[in-house]
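Thanks for coming. I would like to walk through one structure with you, and I will keep it short.

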Amino acid sequence: MQRRIRLLSLLVLLSTSLAHSQNLPWAFNFSTDGNQLLRGGVVASDLYDESVVDTIYLVFAQPDYWNQMTNNYEDKIEILASLSYKGDFYDSVGVRFRGQTSNMQNNTDKKSFNIEMDFAIDGQDIDGYDNLNLLNCYDDPSFIREVLYFNMCRDHIPAPKGSFVNLQIN
């Protein structure tokens, strides 16, 4: 009997410590009384604010930056650039093309981009994000597929953040 009580006490202790050992995904939170897990409904106010369309400006010093990124696509080699976002300037970011399907379409300049904010300067980020994936909405003329999908998923499961951005180059 005493062995069962010890075992039960150990299980209770372990379960309570495990219950508090992980952080919730950003879109999950507990109700004010702590009895209910709420999903979704957390409005982002940073880089992933879905209510605005911000602009990211990339400036490449190399006149042949497009050819370099095209030639380095397979090797995933970043090209050095400067980035401006909401009036803040970020020097020495790494930029490369990303994606599979859209990159195979040679008849378009609409490509997906990967931007490494801390490519040359450690700790450089935007709102805590040091890697940005800008999708080109390939084969989606509405431009809303990913953001809408992620938004709907977050009401049920943890899902990536998504928002809209206008990318301007040179």
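I will go through a few strands first, then a helix and a surface patch.

Before that, one caution: what you see is a predicted model.

Let us start with strand β6, which covers residues 112-116. Is this strand mostly covered or mostly open? Mostly covered: 4 of its 5 residues are buried.

Which strands pair with β6? One is β5, residues 88-98, joined to β6 by 5 bridges. The two run antiparallel. To find the pairing on screen, look for Arg98, which stands opposite Ser112 in β6. Another partner is β7, residues 131-134, and here 4 bridges make the connection. That pair is antiparallel as well. For a landmark, take Phe113, which has Leu134 of β7 opposite.

Now please turn to helix α4, which spans residues 145-153. Which of its residues are buried? They are Val147, Phe150 and Cys153. Looking down the axis of α4, these buried residues fall within an arc of 135 degrees, so they line one face of the helix. As for what they pack against, the buried residues of α4 pack against β8, residues 164-169.

Met152 is in α4 too, but it belongs to a nonpolar patch on the surface. The other members of that patch are Phe143, Ile144 and Leu148. Together the four have about 370 Å² of accessible area.

To recap: β6 is joined to β5 by 5 bridges and to β7 by 4, while the buried residues of α4 pack against β8. That is what I have for today.

Note on methods: Residues numbered from 1 in each chain as written. Predicted model: local features only at pLDDT ≥ 70, side-chain atom pairs only at ≥ 80, totals over all residues. Heavy atoms only, no water. Buried < 20%, exposed > 50% of the residue type's maximum accessible area, 1.4 Å probe, protein only. Pairing = 2+ DSSP bridges. Patch = residues over 30% accessible without salt bridge, like charges linked within 9 Å, V, L, I, M, F, W, Y side chains within 5 Å. Areas by Shrake-Rupley, 256 points an atom, 1.4 Å probe, with all protein chains shown as cover. Salt bridge = Lys/Arg side-chain N within 4 Å of Asp/Glu carboxyl O. Arc of directions from axis to C-beta. Contact = heavy atoms within 4.5 Å.
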